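Work through these exercises with the chain in view. Try each task before you read its solution.

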Amino acid sequence: MPETLKGRQRILNYLAENNISQAQLATMYGMNKQDVSDYLSGRKTNPAANKFIITLIKNFGIKYERR
């Protein structure tokens with residue numbers, strides 16, 4: 001499974017900078033708040049979590065550099 005630590009951190013920074021809560025994010029994507037929290041914290045790193053992280057990066061236009 002790909003490592004998403006940098007992507008998760010960039011998403012968390014983006015949310016903070018734009019005053020978007022994880023609860024709001026869950027509502028926007030029709031998800032459970034706990035799942036969003038688990039995905040963004042890295043507690044869940046399954047394929048669904050990775051897909052969600054990638055979706056957020058694409059949808060919000062967050063710059064992501066692979067290294």
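Both Tyr-39 and Phe-52 are buried in this predicted model. Keep these two residues in mind for the first exercise.

**Exercise 1. Aromatic rings**

Task: find which residues form one aromatic cluster, and describe how their rings pair.

Solution.

Step 1. Know what to look for. A pair of aromatic rings is described by the distance of the centres and the angle of the planes.

Step 2. Search the whole structure. Three aromatic pairs turn up.

Step 3. Take Tyr-29 and Phe-52. Their ring centres are 5.7 Å apart and their planes stand at 90°. Planes over 60 degrees apart count as edge-to-face, so this pair is edge-to-face.

Step 4. Place this pair on the chain. Tyr-29 sits in the loop between α2 and α3, and Phe-52 in helix α4. The two residues are 23 apart, so the pair links distant parts of the chain.

Step 5. Check the cover. Tyr-29 is partly exposed, at 27% relative accessibility. Phe-52 is buried, at 6%.

Step 6. Take Tyr-39 and Phe-52. The centres are again 5.7 Å apart, but the planes make 50°, so the pair is tilted. Tyr-39 belongs to helix α3 and Phe-52 to helix α4, so the pair ties together parts 13 residues apart in sequence.

Step 7. Put the rings together. Tyr-29, Tyr-39 and Phe-52 form one aromatic cluster.

**Exercise 2. The first helix**

Task: compare the span of α1 with the expected value, then find where its buried residues lie.

Solution.

Step 1. Count residues. Helix α1 runs over residues 5-17, which is 13 residues.

Step 2. Compare the spans. At 1.5 Å a residue, 18 Å is expected. The end C-alpha atoms are 18 Å apart, which agrees.

Step 3. List the buried residues. In α1 they are Gly-7, Arg-8, Ile-11 and Leu-15.

Step 4. Look down the axis of α1. The buried residues fall within an arc of 100°, so they line one face of the helix.

Step 5. Recall the geometry. An α-helix has 3.6 residues a turn, so residues three or four places apart point the same way.

Step 6. Turn to the face away from the buried side. Ala-16 and Glu-17 are exposed there.

Step 7. Ask what covers the buried residues of α1. The cover includes α2 (22-28), α3 (33-41) and α4 (47-60).

Step 8. Move just past the helix. Asn-19 takes a positive phi of about 50°.

**Exercise 3. Salt bridges**

Task: find how many salt bridges the structure holds, and say whether each partner is buried, partly exposed or exposed.

Solution.

Step 1. Start from the principle. Side chains of opposite charge can pair when their charged atoms come close.

Step 2. Count. The structure holds two salt bridges.

Step 3. Take Asp-35 and Lys-44. Their closest N and O atoms are 2.8 Å apart. Asp-35 has a relative accessible area of 24%, so it is partly exposed. Lys-44 is partly exposed too, with 32%.

Step 4. Take Arg-43 and Asp-38. Their side chains meet at 2.8 Å, N to O. Arg-43 is exposed, with 55% relative accessible area. Asp-38 is at 10%, so it counts as buried.

**Exercise 4. The whole chain**

Task: sum up the secondary structure and the burial of the chain.

Solution.

Step 1. Count elements. There are four helices and zero strands. Along the sequence the pattern reads α-α-α-α.

Step 2. Check burial. Of the 67 residues, 28% are buried.

Step 3. Check the surface. The accessible area comes to about 4,600 Å², and 49% of that belongs to carbon and sulfur atoms.

Technical notes. Residues numbered from 1 in each chain as written. Predicted model: local features only at pLDDT ≥ 70, side-chain atom pairs only at ≥ 80, totals over all residues. Heavy atoms only, no water. Salt bridge = Lys/Arg side-chain N within 4 Å of Asp/Glu carboxyl O. Buried < 20%, exposed > 50% of the residue type's maximum accessible area, 1.4 Å probe, protein only. Expected span 1.5 Å × (residues − 1). Arc of directions from axis to C-beta. Contact = heavy atoms within 4.5 Å. Areas by Shrake-Rupley, 256 points an atom, 1.4 Å probe, with all protein chains shown as cover. Phe/Tyr/Trp six-rings, centres within 6.5 Å; stacked < 30°, edge-to-face > 60°.
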